[in-house]
Amino acid sequence: SVDGDLTMVAGPQTFEAKVLNNTTLPAEDRAALVAFHKEFWEFNRAVEGALNSTRELKDKTDILIYAIKQTPEAPNSLMNDALRIKAETEDILQKLFQDKTIAERNEPTAPTVYERLNELAWGMWNTTSAPTQTQRNNLKVASEQFEPLLTKVKTLLEVDLKNLEFEMEKYGAP
């Protein structure tokens with residue numbers, strides 16, 4: 001780049017990357033290690049997406065609760081639905097990310113999905129060896145914990161929230 005003008009110096013080049021032969025405990029099956037890493041990162045992507053969606057749902061529910069309070073014609077059922085969605089969302093966040101209510105009292109908590117993923121990530125960054133059975137089990141348990149949470153998030157977003165917004169519209173909520 002010279003004065004903002006980009007000039008191509010060279011075109012694309014192909015090359016072959018090789019793992020250095022300087023590891024203390026190399027994985028016996030490199031392809032299996034790469035497959036485990038791909039499985040982990042794809043799962044991590046799904047968890048991050050669900051976590052962001054859940055946080056956004058919580059924020060939106062707070063806004064809807066405020067809007068219901070500003071709607072004189074709104075029946076109590078609208079507020080009840082909004083509070084239920086908020087409570088379920090907070091429950092999901094506790095299981096997915098962190099149980100603050102117990103952690104703040106300095107009591108032990110079961111690892112959340114996100115905490116299991118963090119533990120896995122740290123283990124993978126610090127070694128070139130094959131994943132341990134503990135790491136494999138951690139990923140399996142995190143996946144099993146995550147599936148019902150993801151289903152619940154989808155239901156809250158795609159059904160419950162849409163129904164609440166539809167009902168709020170009928171009463172002229174802001």
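Which residues does Ala-67 touch, not counting residues up to four places away in sequence? In this predicted model, the residues touched by Ala-67 are Met-168, Ala-173 and Pro-174. Ala-67 lies in helix α1. With a relative accessible area of 7%, Ala-67 is buried, because buried residues are those under 20%. In space, the C-alpha atom of Ala-67 is 17 Å from that of Ala-87, and the two residues are 20 places apart in sequence.

Met-168, one of the residues touched by Ala-67, is also among the buried residues of helix α5. Helix α5 covers residues 133-170, 38 residues in total. From its first C-alpha to its last, α5 reaches 55 Å, which is close to the 56 Å expected at 1.5 Å a residue. The helix nevertheless contains a kink of about 35 degrees, and this kink is centred on Leu-156. Just after α5, Gly-172 adopts a positive phi of about 70 degrees.

Leu-156, where the kink is centred, is itself buried. The other buried residues of α5 are Gln-135, Asn-138, Leu-139, Ala-142, Phe-146, Leu-149, Val-153, Asp-160, Leu-161, Leu-164 and Met-168. Many α-helices can be read in terms of their turns: an α-helix has 3.6 residues a turn, so residues three or four places apart point the same way. The buried residues of α5 pack against three other helices, namely α1 (30-69), α2 (76-96) and α4 (113-125).The nonpolar residues were examined next. In soluble globular proteins, nonpolar side chains tend to be buried together. The largest nonpolar core of the model has 35 residues. Within this core, the residues with the most contacts are Phe-43, Val-47, Ile-68, Leu-96, Val-113, Leu-164 and Met-168. Helices α1, α2, α4 and α5 each contribute at least two residues to the core. The largest share, 11 residues, is supplied by α1.

Leu-96 illustrates the contacts of one core residue. When its neighbours within four places in sequence are left aside, Leu-96 is in contact with Val-47, Ala-50, Leu-51, Thr-54, Thr-112, Val-113, Tyr-114, Phe-146 and Leu-149. Among these partners, Phe-146 and Leu-149 belong to the buried residues of α5.

The whole structure was also searched for cavities, and 1 cavity of 30 Å³ or more was found. The volume of the largest cavity is about 30 Å³. Its lining consists of Leu-33, His-37, Met-124, Thr-127, Ser-129, Pro-131 and Gln-135. Of these lining residues, Gln-135 is one of the buried residues of α5.

Exposed positions were considered as well. Arg-45 is located in helix α1, and its relative accessibility is 54%. Arg-45 therefore counts as exposed, since the cut-off for exposure is over 50%. The C-alpha atoms of Arg-45 and Ala-35 are separated by 15 Å, and the two residues are 10 residues apart along the chain.

Two aspartates were examined in the segment before α1, Asp-3 and Asp-5. Asp-3 has a relative accessible area of 79% and is exposed. Although Asp-3 is not a glycine, its phi is positive, at about 55 degrees. Asp-5 also counts as exposed, at 53% relative accessibility. Between Asp-5 and Glu-28 the C-alpha to C-alpha distance is 49 Å, with 23 residues separating the two in sequence.

Notes: Residues numbered from 1 in each chain as written. Predicted model: local features only at pLDDT ≥ 70, side-chain atom pairs only at ≥ 80, totals over all residues. Heavy atoms only, no water. Helix = DSSP H or I, 4+ residues; strand = E, 2+ residues; numbered from the N terminus. Expected span 1.5 Å × (residues − 1). Bend = angle between axes of the 7 residues up to and from the residue. Buried < 20%, exposed > 50% of the residue type's maximum accessible area, 1.4 Å probe, protein only. Contact = heavy atoms within 4.5 Å. Core = buried A, V, L, I, M, F, W, Y, C linked by side-chain atoms within 4.5 Å. 1 Å grid on protein atoms, 1.4 Å probe; cavity = no way out; pocket = protein on both sides within 12 Å on 5 of 7 lines; lining within 4 Å. Points joined across faces, edges and corners; volume = space filled by probe spheres on them.
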